[in-house]
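Biologist: Got a minute to go through this one with me? Let's pull it up.

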Amino acid sequence: MADARPRTVTFRVRRFEPGRDERPRWEDHRVEVTPGMTVLDGLWKVKEQSAPSLAWRSSCRMGICGSCGMLIDGRPRLACNTQVAELGSEVVAVGPLPNFDIVKDLVPDLRPMFETHRDLRPYLLRDDTEEQDDPTREYWQSPHELEEYLQFSYCIKCGCCMAACPTVATDPHYAGPMPLAQAQRYDSDSRDAGFGERREVLSGGDGPWRCHFAGECSQVCPKGVDPAKAIQLMKRDLVFDLLRLRRRKPPAAVAEAPHGLPREGIPPAPPRTVPEG
Amino acid sequence: MASRAHPNRLGIRGWVGGGRWGFERYLYTLHRITGLGLLAYFLMHIFVTSTRVLGPASWKQAMDAVSGPLFAVGEYLVFAAFAFHAVNGVRLALIEHGFLIGPPIEPIYPYATSVGRQRPLAVAVMIVAGVIALWGGLDFLTLR
Ligand code: SF4
Ligand code: SF4
Ligand code: FES
């Protein structure tokens, strides 16, 4: 017969209150485990029952928003995507993602990562600004061309890869796996023409050549993005471009209007919900 | 606000911990350590052999100083470090140019990664480096 007593585990939570604490400290809380309970559920219980001031970031609680990256039992993971039962330990240690400053408790300061991400222009760079601002049609792209970058576009910017990377751990200037993988995501998009511009941003020595394929970023990524692969492919593109072996194609053009297809019966577009201008 | 935040960069600890403890992380760390070791040996080597310009006497003195059994072990470690660094370097040169890691794929759980894809190569590298180091070890033993 199954044991009827509820199982409990200890949540060992890293606390840091800026202005009050000199350094972060561990705090233990007993939590009753319910079936299917995630680490994020456990944190909510801790907050409700014994530590009302405990702070962390979370939103979607389904591995989509990328807010809840934490160091759980020594590994960077999403709190909402990690079952307490799967950890199989009596003590669940939860700390903020390392390699980022601690704002408070489990909240890391992700700004350096996002600043590099922004510097690498993570959007389609091309000359037809008018078309981009006021599109007439979609840019044409084949399914094969889509596969060239689709994997990298699943990134939710959780920062787990940055916390796992040994190069980020010792080199504060290294761009890091997330921003680099996102640069490669756009560099390998057939609709983009920003390869040269992003290469300029990366040329300072803090770019992909700092990476030596420790592969941790890909091992911890909760979305299967495989940033290590993106970074090595980026290096190949950079070398091939230097040797003039990289195919230089103009970015995909606007798709032609379909012809020969009946257009009747398609209702007109609904009125705008956002005022113009 | 930034000034009140607490620094939490792992530093050198990040070379051994912080992730999923993948095999490649240890190769990464070992590659760095052997690289630094080889550099240290190289500098020492230059320094010791440069005593020759000071005449045969100082050359002999320098040679005597580095002829103890401790140095023999040290020399062997340099050789083993070289074996690993060289073979692993070939693996890295291939991978860092985008070879042997496969094209982008659809991420379907459980995720397959480029790390897993090149894993057989990483294992082969360790075996080859081990064989070279062993062979060198026998050579060192029979020389003396
Ligand atoms: S690559 Fe993966 S681990 Fe890194 S930020 Fe994106 S989703 Fe998170
Ligand atoms: S593969 Fe590169 S980016 Fe990823 S963890 Fe290793 S060194 Fe960092
Ligand atoms: S809460 Fe959104 S990813 Fe975990």
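Biologist: What do the side chains of A:Arg121 and A:Glu197 meet in?
Modeller: A salt bridge, at 2.3 Å from N to O. Keep in mind that this is a predicted model.

Biologist: Where do those two sit in the chain?
Modeller: A:Arg121 is in the loop between α3 (111–119) and α4 (129–133) of chain A. A:Glu197 belongs to helix α9 (residues 195–202) of chain A. The two are 76 residues apart, and the pair links distant parts of the chain.

Biologist: How many salt bridges over all chains?
Modeller: Searching the whole structure gives 26.

Biologist: And how many between chain A and chain B?
Modeller: Two. There is one between A:Glu216 and B:Arg25, with the closest N and O atoms 2.3 Å apart.

Biologist: OK, the interface itself. How many residues are in contact?
Modeller: On chain A, 59 residues are in contact with 43 residues of chain B. The area buried between the two chains is about 4200 Å². Carbon and sulfur atoms give 55% of that area.

Biologist: Switching to ligands. Where does ligand 1 sit?
Modeller: In the largest cavity. There are 13 residues around ligand 1. A:Cys155, A:Cys158, A:Gly159, A:Cys161 and A:Cys221 come nearest.

Biologist: What's that shell like by class?
Modeller: Ten nonpolar residues, one polar and two charged.

Biologist: Same for ligand 2, please. Which cavity, and which residues come nearest?
Modeller: Ligand 2 sits in the second largest cavity. Of the 14 residues around ligand 2, the nearest are A:Cys165, A:Cys211, A:Ala214, A:Gly215 and A:Cys217.

Biologist: Which elements give two or more residues to that shell?
Modeller: In chain A, they are α7 (166–170), α10 (216–220) and α11 (227–242). By class, the shell around ligand 2 has ten nonpolar, three polar and one charged residues.

Biologist: A:Glu216 came up earlier, in the salt bridge with B:Arg25. Now the backbone. Is the peptide bond from B:Tyr109 to B:Pro110 cis or trans?
Modeller: Cis, with omega near -10 degrees. B:Pro110 lies in the loop between α3 (69–95) and α4 (114–143) of chain B.

Biologist: And A:Asn99, is phi positive or negative there?
Modeller: Positive, near 70 degrees, in a residue other than glycine.

Biologist: Where is A:Asn99 found?
Modeller: In chain A, in the loop between β5 (91–95) and β6 (102–104).

Technical notes: Residues numbered from 1 in each chain as written. Chains lettered and ligands numbered in written order. Predicted model: local features only at pLDDT ≥ 70, side-chain atom pairs only at ≥ 80, totals over all residues. Heavy atoms only, no water. Near = heavy atom within 4 Å. 1 Å grid on protein atoms, 1.4 Å probe; cavity = no way out; pocket = protein on both sides within 12 Å on 5 of 7 lines; lining within 4 Å. Sits in = over half its atoms within 2 Å of the grid points. Helix = DSSP H or I, 4+ residues; strand = E, 2+ residues; numbered from the N terminus. Nonpolar A, V, L, I, M, F, W, Y, C, P; charged D, E, K, R; others polar. Contact = heavy atoms within 4.5 Å. Buried area = accessible area lost by both parts, 1.4 Å probe. Salt bridge = Lys/Arg side-chain N within 4 Å of Asp/Glu carboxyl O.
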